[in-house]
There are 4 protein chains.
Amino acid sequence: MDEPVSSSARAMWQEDHASRGLGMRLEHAAPGHARLAMTIAPSMTNGHGICHGGFIFSLADSAMAFAANHTEGLDVAQHAAITFIRPGHVGETLIAEAAERMRAGRSGIYDVRVTTTDGTLVAEFRGHTRSLRNRDRKET
Amino acid sequence: MDEPVSSSARAMWQEDHASRGLGMRLEHAAPGHARLAMTIAPSMTNGHGICHGGFIFSLADSAMAFAANHTEGLDVAQHAAITFIRPGHVGETLIAEAAERMRAGRSGIYDVRVTTTDGTLVAEFRGHTRSLRNRDRKET
Amino acid sequence: MDEPVSSSARAMWQEDHASRGLGMRLEHAAPGHARLAMTIAPSMTNGHGICHGGFIFSLADSAMAFAANHTEGLDVAQHAAITFIRPGHVGETLIAEAAERMRAGRSGIYDVRVTTTDGTLVAEFRGHTRSLRNRDRKET
Amino acid sequence: MDEPVSSSARAMWQEDHASRGLGMRLEHAAPGHARLAMTIAPSMTNGHGICHGGFIFSLADSAMAFAANHTEGLDVAQHAAITFIRPGHVGETLIAEAAERMRAGRSGIYDVRVTTTDGTLVAEFRGHTRSLRNRDRKET
């Protein structure tokens, strides 16, 4: 878990305006695993005074993207499901840890656990990716 | 579809820093239906140069929240799944239209379709809500 | 809803040992829509004395397969999610009504509602299909 | 993995007409983990000549039920999603291995991997359970 962020992940991170703009930090990234952190800002709260689920999803989705960043191609999210276990509150730092569940052919499944820094479970996310090749960009 | 936004939805919207901060507009909100719009900003792009899926999810999730905003209680998202059909590009305006699929006891299911303004399908979302009452805040 | 079952659906039904073996009846089938019925037999009950969720899923999955049976190829289920709303009891007849939610390129999304004959909601199902062509059978 | 089947699981198995009727074998069952096997019979094939997805779902769902069978109550499936990776063929034996992903309050999440006996991945399943108590049977 203390390996450095891979160079391809670092390059991808530089282009990832969305994740950096939300204040995410890339703590670990290697093929098959990634860990990102994000602190809940007041601007992320919804009408119920708690963190809008979309930001929790975003953190998990970014963690998946970095875990799925194998060298051979471009993997994009095709489908994802998230279960919200406990609300997130302003000032809390969330940790998203993504692990590859399977990868076969052009499909991958990634599980991401989102917790607070003391390990309390906030959300469970499962995402499905698909590798794109040139012909898919035209066809799909 | 041209009814005004209900007054309870308007009050909820005022508190929804997250949705307003992302530039969403609340176009319609009544129990069982809501429509929101959001224009994709450059700050929303990920490492692949397209809209980060988290913002598309956020728009759909907000639409569900307003469609689920019946008067009798507080409905929160418990589980949601999203299928990404086509990327979103900077400058495009996305429309999320949420419709209640079912509501029974304390559970609800909402389907949200996210399209561009010309009707091109971008994502399909299905979310599950649960009404909270006081005792649940302690128990769950 | 009272159109006859299409001839291609009828041919597919003849080969569908699984659906027929579970006692399903094909009531309607046309591209984009299908309706099947199944009566819960004692052999379908689980350890809690109610219908095993797998049979409810099977009914919904079959309904999707017939709604997805367009003429141009073979559509298979790739991913499906089901929400169980109310248990099914021995002797009840379940109706699964499948409707196409979207179909673009090689992907489709189908929503299936499972009810009792008096319209009580038993389960909501959303399935994703993918059309196979020859090259996919090798590649995927 | 070679612990005996717990006595409460054995009692539940005796009542599980559905799982036994489909030819499932209960190989392992303890709180948080279960492993079941099932051989694909000709009666399980669909119109495409491969195992109907409903039977694969049923096997995974049963595995979840036994992994969720903690002593304190009755846990039922509330929502489940399955991804089909590779078809199942007549005569193959499928193994479903269920592991508890989380359990908090009255909610649980279980991941079930379905493989052939040589370890080839057939499906990935994630299910959500909810513990029932007496008052829920009336309310929900």
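# Getting to know a predicted four-chain model

User: In this predicted model, how many bridges join E4(C) to strand E5 of chain C, and do they run parallel or antiparallel?
Analyst: Strand E5 of chain C covers residues 107–116, and its pairing with E4(C) is antiparallel. One facing pair in this ladder is Met102(C), which stands opposite Ile109(C) in E5(C). The number of bridges joining E4(C) to E5(C) is ten.

User: Which residue in the turn between E4(C) and E5(C) has a positive phi?
Analyst: E4(C) and E5(C) form a hairpin, with two residues between them. In that turn a phi of about 60° is found, and the residue that has it is Gly105(C).

User: What is the bridge partner of Ala34(C) in E4(C)?
Analyst: Strand E2 of chain C, residues 33–39, runs antiparallel to strand E4 of chain C, residues 93–104, and seven bridges join them. Within E4(C), the partner of Ala34(C) is Ala98(C).

User: Turning to chain A, in what order do its elements run from the N terminus on?
Analyst: Chain A has four helices and six strands. Of its 140 residues, 50% count as buried. Read from the N terminus, the order is α-α-β-β-α-β-β-β-β-α.

User: Which strands are the edge strands of the open sheet of twelve strands?
Analyst: The sheet has antiparallel pairing and the order E1(A)-E2(A)-E4(A)-E5(A)-E6(A)-E3(A)-E3(B)-E6(B)-E5(B)-E4(B)-E2(B)-E1(B). An edge strand here pairs on one side only, and this holds for residues 25–30 of chain A and of chain B. From one strand to the next, the twist averages 20°. The edge strands are E1 of chain A and E1 of chain B.

User: Within that sheet, which residue in E6(A) stands opposite Ile109(A)?
Analyst: Strand E5 of chain A, residues 107–116, pairs with strand E6 of chain A, residues 121–132, in the antiparallel sense over nine bridges. Opposite Ile109(A) in E6(A) stands His128(A).

User: What angle does the direction of helix H3 of chain A make with that of E4(A)?
Analyst: Helix H3 of chain A spans residues 53–67 and packs on the sheet. The helix touches E1, E2, E3, E4, E5 and E6 of chain A, together with strand E3 of chain B. Its direction makes an angle with that of E4(A) of about 45°.

User: Is Ala63(B) buried or exposed?
Analyst: Ala63(B) lies in helix H3 of chain B. Among its contacts beyond four places in sequence are Ala34(B), Leu36(B), Glu97(B) and Val112(B). The cut-off for burial is 20 or more other C-beta atoms within 10 Å. Because 33 such atoms lie within 10 Å of its own, Ala63(B) is buried.

User: How far apart are the C-alpha atoms of Ala63(B) and Glu97(B)?
Analyst: Ala63(B) and Glu97(B) are 34 residues apart along the chain. They are also in contact with each other. The separation of their C-alpha atoms is 6.6 Å.

User: Which residues have the most contacts inside the largest nonpolar core?
Analyst: This core has 168 residues. As an example of the surroundings in chain B, Ala60(B) touches residues including Ile82(B), Ala96(B), Val114(B) and Phe125(B). The residues with the most contacts inside the core are Ala60(A), Ala60(B), Ala60(C) and Ala60(D).

User: Which element gives the largest share of the side of chain A that touches chain B?
Analyst: The contact takes 33 residues from chain A and 33 from chain B. Helices H1, H2 and H3 and strand E3 of chain A each give two or more residues to this side. By class, the side has 15 nonpolar, 15 polar and three charged residues. The largest share, ten residues, comes from E3(A).

User: What kind of axis relates chain A and chain B?
Analyst: A turn of 180° with a shift of 0.0 Å along the axis lays chain A on chain B with an RMSD of 0.0 Å. The two copies are therefore related as by a two-fold rotation axis.

User: Which element of chain D gives the most to the side that touches chain A?
Analyst: Here eleven residues of chain D are in contact with eleven residues of chain A. Strands E3, E4 and E6 of chain D each supply at least two residues. With four residues, the element that gives the most is E6(D).

Key:
Residues numbered from 1 in each chain as written. Chains lettered and ligands numbered in written order. Predicted model: local features only at pLDDT ≥ 70, side-chain atom pairs only at ≥ 80, totals over all residues. Core = buried A, V, L, I, M, F, W, Y, C linked by C-beta atoms within 7 Å. Buried ≥ 20, exposed ≤ 12 C-beta atoms within 10 Å, placed from the backbone. Contact = placed C-beta atoms within 7 Å. Pairing = 2+ DSSP bridges. Axes fitted to C-alpha atoms, helices over the stretch in contact; angles between N-to-C directions. Least-squares fit on C-alpha atoms with pLDDT ≥ 70 in both. Nonpolar A, V, L, I, M, F, W, Y, C, P; charged D, E, K, R; others polar.
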